[in-house]
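Hi everyone, thanks for making the time. I'd like to walk through the ligand site first and then one helix.

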Amino acid sequence: MIADVIVLGLGGMGSATVYELARRNLQVIGIEQFPAVHARGSSHGYTRIIREAYYEHPDYVPLVQRSMHSWQQLENQSGVSLLDRVPCVSIGPESGELIPGVRRSAAVHRLAIEDYSAVDFQAIAPMFRIPQDWRAIVEPRAGVLAVESCVRTYLHLAQQLGAELYFECPGVDWQIGSDGLITVETESATFTTRRLILTVGAWATRWLPTVPLTVMRQVQHWLPMPTDETWRTTDFPTFLLEAPNSYFYGIPQRFGSPGIKIAQHFGAPELQSPAQVDWEVREADFSPILQAVNQYLPDLQATPIASQVCMYTISPDLHFCLDQLHGAANVWFAAGFSGHGFKFAPVIAEVLADWCEFGTTQWPVEFLRTSRLAGS
Ligand SMILES: Cc1cc2nc3c(=O)[nH]c(=O)nc-3n(C[C@H](O)[C@H](O)[C@H](O)COP(=O)(O)OP(=O)(O)OC[C@H]3O[C@@H](n4cnc5c(N)ncnc54)[C@H](O)[C@@H]3O)c2cc1C
């Protein structure tokens, strides 16, 4: 059989893409090196934040709005609980990157936000202790995604729609023949396709040698939910916090997670490949969290119930890399999600499917093309 499209890598982006292609009645083959929904890539750890007033760049806002809609549709269609509406609070100094970035996206796209002084924020969220001259911006249209359930649901629905998915089937190489057909060689079989999509996460450092990407080890920790009055009567939001020289985030206990998730965003060495990642959790991994919790959330018991290693794939400007592979008309890729990509999986899948089907897309993703990185 000659497939219309092969998708290599079935994590966050690849699972959404096989679903989207199968939904469009294309003959799809999906290939994954590990078992379905594994914990050796970037899409595990119970939960992911979805937020709209995107401090990273206002151009992401229409994309996240589309994704929010698509996650809800997926939830309705599958009957699986995938998205919980939880407000997101961005906390930091006026002079930082986070607070001005949230305000900018909210202003450009006329998004509802509530902008609090530290004193006023303390009154509505008494569990936080933040410096008097910081701000806290609450965005109500945000939420928490059940990361593994999202991937599992996409894979399941894609199979129901006729996608052929192969797990524990590492891709080894691919080639374009003189007839324009593409062969994808795996450790156990060779497949033929008209078009190829590479959604290989951190392994893009190997499969996309011309895109300047690195890998960053990240450790997510879960802390016990306090039982005192304040925590029982006040809903704990998701939060991003810009501390001096570091970002932290937190996610309330949802979707079977063992506690409140707290982690540092970035702050680890950049590595050349996933093979260099240490998958053991070390005692030292918790020290930045300990400091942040003691300072900003002092009522939390700063002993993790559980901790887990995960990977970011980092682009030089921390924006995503979506493009056609240079010199290969029928090969596209999505990579370099730099620790903030999961929420966008549905719209990334639409873009990749549009490129395969029509060669173009209506979604505004030109700012994510890799030509911007020339010289990086
Ligand atoms: C700790 C942590 C917290 C995060 N928090 C958030 C958040 O709150 N909100 C948010 O939006 N984003 C968040 N992110 C980022 C987001 O999770 C990632 O950007 C996203 O999951 C990346 O998906 P992916 O498909 O690119 O990678 P992956 O999900 O890793 O998928 C890549 C897949 O390709 C497979 N593969 C690779 N090579 C081969 C091969 N040769 N053959 C076959 N298969 C192959 C891999 O096994 C893997 O399954 C977080 C990331 C981490 C690590």
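So, a word on domains: their bounds come from an automatic or database domain assignment. This is a predicted model, where local features need pLDDT of at least 70, side-chain atom pairs count only at pLDDT 80 or more, and totals for chains, interfaces and linings use all residues. Residues are numbered from 1 along each chain as its sequence is written, and side-chain values use heavy atoms, leaving out hydrogens and water.

Okay, the ligand. Domain 1 (2-45 + 148-211 + 317-373) and domain 2 (52-144 + 213-313) each give at least three residues to the shell around the ligand. There are 33 residues around it, where a residue counts as near if one of its heavy atoms lies within 4 Å. Coming nearest are Glu 32, His 38, Ser 43, Ile 49 and Cys 310.

Now polar contacts, meaning pairs of N or O atoms within 3.5 Å. A polar backbone atom of Ser 42 is 2.9 Å from a ligand oxygen. Gly 341 has a backbone N or O atom 3.3 Å from an oxygen of the ligand. With Gly 339, a backbone N or O atom sits 3.4 Å from a ligand nitrogen.

On its own the ligand has 1000 Å² of accessible area, and the protein covers 97% of that (Shrake-Rupley method, 1.4 Å probe).

Last bit: helix 9, with helices being DSSP runs of H or I, at least four residues, numbered from the N terminus. Of its 14 residues, 12 are buried, that is, under 20% relative accessible area with a 1.4 Å probe, protein chains only. Trp 355 is one of them. After helix 9 comes Gly 359, with a positive phi near 80 degrees.

How values were computed
Buried means under 20% relative accessible area, exposed over 50%, partly exposed in between (1.4 Å probe, protein chains only). Helices (H or I, at least four residues) and strands (E, at least two) are DSSP runs, numbered from the N terminus. A polar contact is a pair of N or O atoms within 3.5 Å; within protein, one must be able to donate a hydrogen and the other to accept it, and residues adjacent in sequence count only if both atoms are side-chain atoms.
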